[in-house]
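Welcome! Here are a few short exercises, each with a worked solution. Take a look at the sequence and structure first, then follow along.

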Amino acid sequence: MTLPKKKSFPHFRTFDSLSRIYWKIIASLVPLMAAVLVFGGLNALRVLGASLASAMLSEILAGRLFQKKAHLEDGNTVLIGILLGLILPVNLASWKIILA
C-alpha cells in the first residue's frame, strides 16, 4: 500500500508588508485588551497605557541617541508595548512597568 504524495510548499508568497502584518496582529489583540480592561478595571488601563507609552518613548529616545528615525508607524513598537502590558500583573508599580 502506497501513500499518496503530499505536495507541500516551503514558502508562501504574500503581498503583505511587515508593518501590515504587525497592524493585523494588533487588531487581533483588541478583543483581548477589551476583556482585560473589563476584568482588570482602571489598573489594567494604567498598565497597558504605561507599557505602551514607555515602549514608544524608548523607541523615540533610542532613535535620537543613535541618530536614526524612530519607526513608530510600522507597528512593531506598539505591538511590543501591548504584549508587555498584557503579560504584566495589574497591581505592578508604574516605575517597574516603565523599566520593563
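A polar contact is a pair of N or O atoms within 3.5 Å; within protein, one atom must be able to donate a hydrogen and the other to accept it, and residues adjacent in sequence count only if both atoms are side-chain atoms. Keep in mind as you work that this is a predicted model.

**Exercise 1. Describe the surroundings of Ser-51.**

Step 1: Start with its place, which is helix α1.

Step 2: Check the exposure. Ser-51 has a relative accessible area of 0%, and buried means under 20%, so Ser-51 is buried.

Step 3: Look for a polar partner. The backbone oxygen of Leu-48 lies 3.1 Å from the side chain of Ser-51, and the limit for a polar contact is 3.5 Å.

Step 4: Set aside neighbours within four places in sequence. Ser-51 then touches Gly-81, Leu-84, Gly-85 and Ile-97.

**Exercise 2. Find the largest nonpolar core and say which helices build it.**

Step 1: List the members. The core holds eight residues: Tyr-22, Ile-26, Leu-29, Met-33, Leu-48, Val-78, Leu-79 and Ile-82.

Step 2: Assign them to helices. At least two residues come from each of α1 (18–65) and α2 (76–87), and α1 gives the largest share, with five residues.

Step 3: Zoom in on one member. Ile-26 is in contact with Gly-75, Val-78, Leu-79 and Ile-82, when residues up to four places away in sequence are not counted.

Step 4: Look beyond this core. Another core lies apart from it and has six residues, including Ala-50, Leu-84, Leu-88 and Ile-97.

**Exercise 3. Locate the salt bridge and decide how exposed its two partners are.**

Step 1: Search everywhere. The whole structure yields one salt bridge.

Step 2: Name the pair. Lys-69 and Glu-73 form a salt bridge, with 3.1 Å between their closest N and O atoms.

Step 3: Recall the general idea. Side chains of opposite charge can pair when their charged atoms come close.

Step 4: Compare with the cut-offs. Lys-69 has a relative accessible area of 55%, so this residue is exposed. Glu-73, at 47%, is partly exposed.

**Exercise 4. Which residues make a nonpolar surface patch of about 240 Å²?**

Step 1: Name the members, which are Leu-18, Ile-21 and Ile-25.

Step 2: Examine one of them. Ile-25 sits in helix α1 and is partly exposed, with a relative accessible area of 34%.

Terms used:
Residues numbered from 1 in each chain as written. Predicted model: local features only at pLDDT ≥ 70, side-chain atom pairs only at ≥ 80, totals over all residues. Heavy atoms only, no water. Salt bridge = Lys/Arg side-chain N within 4 Å of Asp/Glu carboxyl O. Buried < 20%, exposed > 50% of the residue type's maximum accessible area, 1.4 Å probe, protein only. Core = buried A, V, L, I, M, F, W, Y, C linked by side-chain atoms within 4.5 Å. Helix = DSSP H or I, 4+ residues; strand = E, 2+ residues; numbered from the N terminus. Contact = heavy atoms within 4.5 Å. Patch = residues over 30% accessible without salt bridge, like charges linked within 9 Å, V, L, I, M, F, W, Y side chains within 5 Å. Areas by Shrake-Rupley, 256 points an atom, 1.4 Å probe, with all protein chains shown as cover.
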